[in-house]
Structure formats: structure tokens, C-alpha cells
Amino acid sequence: MLISRLDEQQRRWYAAVESKRYGYGGIRLVSQITDLDEKTIGRGRQELALNLEERPSDRVRLPGAGRPTVEKKTPEAKVALLEFVQDDVAGDPVQGRCWIRRSLSSLQGALHQVGHSLGRETIQRLLGNAKISLKGNIKRLTPKAHPQRDTQFTYLQSQRQVFRLAGWPTISVDTKKKELIGPFQQSGQVWCEQGPQVYMHDFPTDALARAVPYGIDDEQHQPGHVYGGLSADTAEFAVDAIADWWANTGVTLDPDAPELLILADGGGSNGYRSRLWKQQLQTKLVDAFDLAVTVCH
């Protein structure tokens, strides 16, 4: 059982130690017990007899062991690959970086048609050795802008400027990432002897609840507030959070403010198409506190 748990190097060293205990004929006896070759046990004895500096490294096998690489078996495959992608390679002559505009699957299929069966990992390794890399897409392009796009943002900026000059409150609202409450995997570390044990899978059925954080940022006074709910991310919940913030914080910071500006994104619980969002604002904020509310999406 012990022999089966050891790697090759540990196995021959352990067999060498046991063979020395038996004295004369120990190598043959241990070879019969462990099914190891006598030459392997003898090599283990030789390695143990060396000084610590002269013994082999932690490698299980000597350098060069294992299956030969494609470059050694079929050196023409690498040459064929580089010739095949020569027309598709671009690069930066100043920094010496090169890249290719084709996928690994496309290269694999094209090479197979000319008689070279290479795996995608092999192709990636060969291209990497030649300092050729793949490039992913980058979000830099913008679609055709709406003709009134600049007008919209100019209007939004003017609204913020009006409220800022008048000294009236302006808040930005948004629902943040929802979280499952319970022993679930999260990034980060804690100072403890042993890390907390968590579930292997994030199944909602295993959660105690699902928290919905709703953030409110006061642009004038800078403090941020986060309200957590256990219901769904609805317009009613969003307005409840704003109304609670105004009753407990907003009125204290701006007791004489006649108007409130709310900056929100265009979708979700505070979306511009949501009728419930507008109705709840009217009922729970405008009528309840006699406050004029302007919403900019």
C-alpha cells in the first residue's frame, strides 16, 4: 500500500533503504516483494550514497523523459505551421511583437487538409514559441450615434447644474449586485486558523434569503447609503428605499429643499418605462413629503 502511494523517485529510494536492512541479498528480496527491477533498487542505493548537493533534484524523472514533443517527432510540422500562417501574421516591428488573426480551430482544420494533424494546444504552443499570440476583441467602437444624443446629455447636465446652483439635493440611485445569504463562496480572506467552510454550489434553494442592495448617493453631501431588501427588485422597493432615505437623512440635510433630482439608469426597478416607478414616486415621495421630484434617466 505504501509503495503504491509513492512516485518513482521515492519508490526506488524507499526500496533501497529496505534492501540495506536485509544486508546481503536484500536487493533481490526487495525486488521480489515490490516487483521493482533490481537495477532500479541499485540506482536508488547509488543516489542515497551521494551528498545532498549531488543528489537528483525534486524532478520525478530526469530531463528529457516522457513522450517526445511534436518538434522532435515531426520537425517538419512546425515549419509547415509557420509557413502556413506567414500571410496571416501581423506585428509591431518596433517592439517585435507578432499576432495572428485566425483562431486555433481554423488553423487546425486548415493544417489537417494539408496532411498535418496537430492539436490546438500544440498549435498554441508552437505559435507561442515563435512569439506569435492571439488577440481578442476590444470594446472601442461605438455604433452610429442618435442625432439627439448630445442634446439629451446637455439637458441632463443642465438639470444637474440648476439643482447645484439652487442648493437643492441631487441623488444617484441604482440596484447593486444581488447576493445569496448563507455560507456561500466569496472572494477575500479572513484572519483565522482555518478558513470557513462553504457550500460547493451556489444554489438559491440553499440560501436563507436573497439580498437586494439599493444604493443612494448624495452628490452634494457625498455620503453613500445602501438599503438591503429581501424582496424582489421592484419599483416599490426602490421608492421605499428613497422615501426612507429622505425621511431619515434627506430632510435633515436639506430641510428647506422644495425639489429633489433623481439620476437613474434607464432600466430595472427605476426604469423610464415603469409606470409603477412613477406612481410610487408620486404617492410615497411627492404627496407624502410635499416635494417636487425630477427624474433624469
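## Strands around β6, a pocket, and salt bridges

In the hairpin formed by β6 and β7, where five residues lie between the strands, Gln222 adopts a positive phi near 75°. This hairpin belongs to a predicted model, and strand β6 is a useful place from which to read the structure that it describes.

Strand β6 covers residues 209-218, and because seven of its ten residues are buried, the strand is largely enclosed by the rest of the structure. Its partner in the hairpin, strand β7 (residues 224-229), runs antiparallel to β6 and is joined to it by six bridges; within this pairing, Pro213 has Gly228 of β7 as its bridge partner. Strand β4, which spans residues 170-175, also pairs with β6 in the antiparallel sense, here over five bridges, and Ile171 finds its bridge partner in Asp218 of β6. Strand β5 (residues 179-181) is likewise antiparallel to β6, with three bridges joining the two, and Leu180 stands opposite Arg210 in β6.

From the strands one can turn to the open space in the model. The largest pocket holds about 220 Å³ of space, and the residues that line it include the run Phe184, Gln185, Gln186, Ser187, Gly188, Gln189 and Val190, together with Pro196 and Val198. Sorted by class, this lining consists of four nonpolar and five polar residues, with no charged residue among them.

Charged side chains come into view elsewhere. Side chains of opposite charge can pair when their charged atoms come close. With nitrogen and carboxyl oxygen required to lie within 4 Å of each other, the count of salt bridges comes to ten, and three of the pairs are followed here.

One of them joins Arg160 to Glu219, whose closest N and O atoms are 3.1 Å apart. This pair links distant parts of the chain, since Arg160 lies in helix α8 (residues 149-166) and Glu219 in the loop between β6 and β7, 59 residues apart. The salt bridge therefore leads back to the hairpin with which this account began, as Glu219 sits in the loop between its two strands. Arg160 is partly exposed, its relative accessible area being 27%, and Glu219 is also partly exposed, at 24%.

A second pair is made by Asp240 and Lys284, whose side chains meet in a salt bridge with an N to O distance of 2.7 Å. Here too distant parts of the chain are linked: Asp240 belongs to helix α9 (residues 235-253) and Lys284 to helix α10 (residues 275-289), with their positions 44 residues apart in the numbering. Asp240 counts as partly exposed at 36% relative accessibility, and Lys284 counts as partly exposed at 22%.

The remaining pair to be followed lies within a helix. Glu47 forms a salt bridge with Arg43, the closest N and O atoms being 3.6 Å apart. Because the two residues are four apart in helix α3 (residues 38-49), they are separated by about one helical turn. Their surroundings can be set side by side: Arg43 is partly exposed, with a relative accessible area of 36%, whereas Glu47 counts as buried because its relative accessibility is 9%, and buried means under 20%.

Methods
Residues are numbered from 1 along each chain as its sequence is written. This is a predicted model: local features need pLDDT of at least 70, side-chain atom pairs count only at pLDDT 80 or more; totals for chains, interfaces and linings use all residues. Side-chain values use heavy atoms; hydrogens and water are left out. On a 1 Å grid over the protein atoms alone, a cavity is a set of points where a 1.4 Å probe fits but cannot get out, and a pocket is an open set with protein on both sides within 12 Å along at least five of seven lines; lining residues have an atom within 4 Å of a point. Grid points are joined across faces, edges and corners, and a volume is the space filled by probe spheres set on the points. Ala, Val, Leu, Ile, Met, Phe, Trp, Tyr, Cys and Pro count as nonpolar, Asp, Glu, Lys and Arg as charged, and the others, Gly among them, as polar. Buried means under 20% relative accessible area, exposed over 50%, partly exposed in between (1.4 Å probe, protein chains only). Two strands pair if DSSP finds at least two bridges between them.
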